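User: Could you walk me through this model before I set anything up with it? I'd like the conventions up front, then the core, the pockets and any odd backbone spots.

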Amino acid sequence: MASDTQDTQHAQTTIDDVRHDPYVLTKEKIQEPPTGLKQSLKFLGPGMITSAAVVGSGELITATTLGSRVGMMLLWLIFVSTFVKVFIQVELARWSISTGKPAIFGYDEVKPTIAGHGWPSYIVLIMFFQFVTGQAGVIGAAGVTTRTAAAAEPLGVAIHGIRRAESVTGPIAGQTILVNGCGPIGAFLIGAAKHFGAAEVYACDLADLSLGHARDMGADHLINPTRDELPHDVPLVFDCSGAPAAIDGLLRATRRGGTLVQVGNLPGQPAPIGLGQLVTREITYIGSYRFIDEVTDALEAMASGLDVEPLLTHEFPIGEAPAAFATAADRSTGSSKVLLKLS
């Protein structure tokens with residue numbers, strides 16, 4: 001009886017541990033498909049909610065505006081586009097799988113071309129501007145300015161890294177963490193971690209200017225490894241530098257049985273990395289790539305008090321884009337996130 005109780009508790013713990021991980025599908029989450037009309041109707045409500053959840057701001061704003069102007073006149077377009085969309089997406093997927101290239105590359109191969117690009121590429125560009133316009137409406141509704149909302153994507157990357165960690169360690173609230181690499185993503189991760197309740201944050205970087213940004217985002221301890229030692233026995237470590245040479249030291253800083261999350265992209269070519277500590281200290285090493293839907297979490301975090309202004313260090317008009325890119329590339333300028341103002 002005691003063994004059964006322990007097994008049940010272990011199973012529940014396992015379920016709780018993976019509740020934040022979008023890549024884990026447990027047996028408890030799998031349901032048998034409905035049979036018959038009556039059973040299918042039970043899924044109608046959740047299905048409609050799920051469908052509504054994937055409706056983007058473009059559809060929400062454009063479709064309702066168009067509907068109010070033309071009424072039922074374009075109802076036929078919904079049926080036609082829904083039918084055609086399935087075949088287009090299937091063919092795009094088949095092309096990408098067979099060629100190993102993203103669909104946007106295929107658009108450029110469609111004749112006739114305009115200025116060296118296939119005409120579908122320009123359709124995508126127009127759709128992108130429509131998407132940006134729609135997002136602006138959502139951002140305004142969330143109470144976030146377009147200036148700070150420009151940070152939603154990199155902040156979303158940082159939050160995704162935190163969510164990946166939480167799938168192993170549980171909520172970050174109350175934890176001590178180490179963030180290596182305090183460029184924009186690392187600094188955003190520090191701010192997000194403090195916003196979500198991290199108790200103590202160590203920030204590590206070779207550049208004192210970057211450590212200054214980390215301090216502004218709430219880091220409790222600043223470490224420059226050229227003169228300071230890394231802390232020991234940190235339960236949760238994030239590498240946002242993507243530098244292979246840093247991994248061995250970070251593993252040594254991680255507590256035995258702790259977790260190291262790789263947020264920064266490692267080089268595409270082979271590189272020597274010391275992983276001995278990964279085995280002997282039984283460390284969990286997980287990767288984090290971009291984001292899934294954490295951009296929404298980023299907007300909500302900013303709306304609820306996460307201040308990203310310290311990282312929005314420079315702003316240029318669109319006509320000075322070359323200077324903006326040069327500033328962003330030169331870390332001696334103290335830049336973190338450089339903004340281009342469209343108007």
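Analyst: What follows goes through conventions, overall make-up, core, pocket and backbone in turn. This is a predicted model, in which local features need pLDDT of at least 70 and side-chain atom pairs count only at pLDDT 80 or more, while totals for chains, interfaces and linings use all residues. Residues are numbered from 1 along each chain as its sequence is written, and side-chain values use heavy atoms, with hydrogens and water left out.

User: Fine. What does the secondary structure of the protein chain come to?

Analyst: The chain has 15 helices and 10 strands, where helices (H or I, at least four residues) and strands (E, at least two) are DSSP runs numbered from the N terminus. Of its 343 residues, 31% count as buried, buried being under 20% relative accessible area, exposed over 50% and partly exposed in between, with a 1.4 Å probe and protein chains only. Among contacts (heavy atoms within 4.5 Å) with a separation of 6 or more, 60% are between residues 24 or more positions apart.

User: Which residues have the most contacts inside the largest nonpolar core?

Analyst: They are Leu-155, Ile-177, Leu-189, Ile-190 and Phe-238, in a core of 41 residues. A nonpolar core here is a set of buried Ala, Val, Leu, Ile, Met, Phe, Trp, Tyr and Cys residues joined through side-chain atoms within 4.5 Å. The elements giving two or more residues to this core are α9 (152-169), β3 (176-180), α10 (184-195), β4 (200-204), α11 (208-216), β6 (234-239) and α14 (294-303). There is also a second, separate core of 12 residues, which includes Leu-178, Cys-204, Leu-251 and Leu-260.

User: And what does Leu-189 touch?

Analyst: Leaving out residues up to four places away in sequence, Leu-189 touches Ala-158, Ile-162, Ile-177, Val-179, Phe-238, Cys-240 and Val-263.

User: Where is Leu-299, and is it buried or exposed?

Analyst: Leu-299 is in helix α14 and counts as buried, at 9% relative accessibility. Its C-alpha atom is 7.1 Å from that of Val-144, although the two residues are 155 apart in sequence.

User: Switching to pockets: how much space lies in the second largest one?

Analyst: About 450 Å³, a volume being the space filled by probe spheres set on grid points that are joined across faces, edges and corners. A pocket, on a 1 Å grid over the protein atoms alone, is an open set of points where a 1.4 Å probe fits, with protein on both sides within 12 Å along at least five of seven lines, and lining residues have an atom within 4 Å of a point. Of the 27 lining residues, Asn-180, Gly-181, Cys-240, Ser-241 and Ala-243 are the closest to the centre.

User: Which element gives the most to that lining, and what is it like by class?

Analyst: α12 gives the most to the lining, with 4 residues. By class the lining has 15 nonpolar, 9 polar and 3 charged residues, with Ala, Val, Leu, Ile, Met, Phe, Trp, Tyr, Cys and Pro counted as nonpolar, Asp, Glu, Lys and Arg as charged, and the others, Gly among them, as polar.

User: Which residues of α12 are buried?

Analyst: In α12, Pro-244, Ile-247, Leu-250, Leu-251 and Ala-253 are buried. They cover an arc of only 150° around the axis, so they lie on the same side of α12, the arc being that of the directions from the helix axis to the C-beta atoms. What covers the buried residues of α12 includes β3, β6, β7 (254-262), α13 and β8.

User: Last topic, the backbone. Which peptide bond is cis?

Analyst: The bond from Lys-111 to Pro-112 is cis, with omega near -5°, and Pro-112 is found in the loop between α6 (103-107) and β1 (113-114). For context, most residues other than glycine have a negative phi, and most peptide bonds are trans.

User: What about positive phi, say at Asp-233 and Glu-282?

Analyst: Asp-233 has a positive phi of about 60° although it is not a glycine; Asp-233 lies in the loop between β5 (221-223) and β6 and is partly exposed, with a relative accessible area of 48%. Glu-282, also not a glycine, has a positive phi of about 50°; Glu-282 is in the loop between α13 (276-280) and β8 (284-287) and is exposed, at 60% relative accessible area.
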